[in-house]
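User: Hello! I am new to this structure and would like to learn how to read it, feature by feature. Could you guide me?

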Amino acid sequence: MAQETSRAVGPIVLLGPPGAGKGTQAKRIMEHYGIPQISTGDLLRENVNLGTELGQAAKAVMARGELVCDELVCNMVRHRLIQPDTRRGYILDGFPRTAAQAGWLDALLDHELFDKSRPTRAWPIVIQLDVDYNQLLLRITGRRTCPADGKIYNVHFQPPRVDEICDIDGTKLVSRNDDRLEVIQPRLTAYQEQTRPVAEYYQRTGRLISVNGDVPMDAVTDEIFRVLEDHHA
Ligand code: AMP
């Protein structure tokens, strides 16, 4: 249930390596502020499942743990951001992932989306989740998702009550195709090489806020809410 229904929150960018907890935290921000979570990974997986042209182009690249090309991802994001539910703000989860995407997003916010009738602030609040490498491996290999309601579990840290079954609706949990051990390394390499520059980009412009993602999930959420409240104070 959204606690705040009228205040503009603005764009929020969640940065961090695969397994840092971006998806979990994005869902909590979404519920708290009543703004949509826009996960480029989820949107791409949806396209793959539906067999769209974009999905067909992205499928093999994703299975290898590499990044889908900027043009395809940016077009998908543009299409999503012009939907009316983004008026008060939104959470970008998994985007931008390259310096080019970050520059593209700034240009989009500056030229296309910065419409004075929108209560949304123009520049994103960028929150980076810092997590230790060994923790990341456990989080990724232990991750299970409910295909029906999207709830995320972890067999090591947050197991379902019944092994491999969703607590909410009883659906059998699934592992993501790219959470296999052999794909994790390329994903972490893609992060180091292509996504680190994104953090540097925001750091240079004084917009990067780092949050310790190695503490329990609720403490991470509290810290993120504190950052967001401070930002709007
Ligand atoms: P995620 O669910 O965020 O871990 O994303 C899963 C996969 O989708 C990534 O390994 C990439 O192949 C692709 N992907 C998601 N977001 C992006 C992005 N912003 N740019 C390029 N590829 C992406």
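Analyst: With pleasure; we will go through the ligand site, one helix, and then several single residues. Before that, please note that this is a predicted model, in which local features need pLDDT of at least 70, side-chain atom pairs count only at pLDDT 80 or more, and totals for chains, interfaces and linings use all residues. Residues are numbered from 1 along each chain as its sequence is written, and side-chain values use heavy atoms, with hydrogens and water left out.

User: Which residues come nearest to the ligand?

Analyst: The general idea is a distance test: a residue is near a molecule if one of its heavy atoms lies within 4 Å of it. Here the ligand has 16 residues around it, and those that come nearest are Thr 40, Arg 45, Glu 66, Gly 94 and Gln 101.

User: What kinds of residue make up that shell, and which helix gives the largest share?

Analyst: For the kinds, Ala, Val, Leu, Ile, Met, Phe, Trp, Tyr, Cys and Pro count as nonpolar, Asp, Glu, Lys and Arg as charged, and the others, Gly among them, as polar. By that scheme the shell divides into 6 nonpolar, 4 polar and 6 charged residues. Helices (H or I, at least four residues) and strands (E, at least two) are DSSP runs, numbered from the N terminus. Helix 2, residues 40-50, supplies the largest share of the shell with 4 residues.

User: Where does the ligand have polar atoms beside it, for example at Arg 45?

Analyst: A polar contact is a pair of N or O atoms within 3.5 Å; within protein, one must be able to donate a hydrogen and the other to accept it, and residues adjacent in sequence count only if both atoms are side-chain atoms. In this model, a polar atom in the side chain of Arg 45 is 3.0 Å from an oxygen atom of the ligand. An N or O atom in the side chain of Arg 187 lies 3.4 Å from a ligand oxygen atom. At Gly 94 a polar backbone atom takes part, 2.9 Å from a nitrogen atom of the ligand. As for cover, the ligand on its own has 480 Å² of accessible area (Shrake-Rupley method, 1.4 Å probe), and the protein covers 97% of that.

User: Let us turn to helix 3. Which of its residues are buried, and which are exposed?

Analyst: Buried means under 20% relative accessible area, exposed over 50%, and partly exposed in between (1.4 Å probe, protein chains only). In helix 3 (residues 53-63), the buried residues are Leu 54, Gly 55, Ala 58, Val 61 and Met 62. These lie on the same side of helix 3, because they cover an arc of only 135° around the axis, taken from the directions from the helix axis to the C-beta atoms. Glu 53, Gln 56 and Lys 59 are exposed on the other side.

User: What do the buried residues of helix 3 pack against?

Analyst: Contact means heavy atoms within 4.5 Å. The partners of these buried residues are helix 2, helix 4 (70-81) and helix 7 (181-204). Just after helix 3 comes Gly 65, with a positive phi of about 80°.

User: Where is Arg 207, and is it buried or exposed?

Analyst: Arg 207 sits in the loop between helix 7 and strand 7 (208-212), and its relative accessible area of 17% makes it buried. Its side chain forms a polar contact of 2.7 Å with that of Asp 106. Not counting residues up to four places away in sequence, Arg 207 touches Asp 106, Trp 123, Pro 124, Val 126, Tyr 201 and Tyr 202.

User: How about Thr 86: buried or exposed?

Analyst: Thr 86 counts as buried, at 0% relative accessibility, and is found in the loop between helix 4 and strand 3. Its side chain reaches the backbone oxygen of Leu 81 at 2.8 Å.

User: Finally, which backbone details should I look at around Pro 96 and Glu 164?

Analyst: At Pro 96, look at the peptide bond from Phe 95, which is cis with omega near -5°; Pro 96 belongs to the loop between strand 3 (89-93) and helix 5 (99-113). Glu 164 is not a glycine, yet has a positive phi of about 65°. Glu 164 lies in the loop between strand 6 (152-154) and helix 7 and is partly exposed, with a relative accessible area of 22%.
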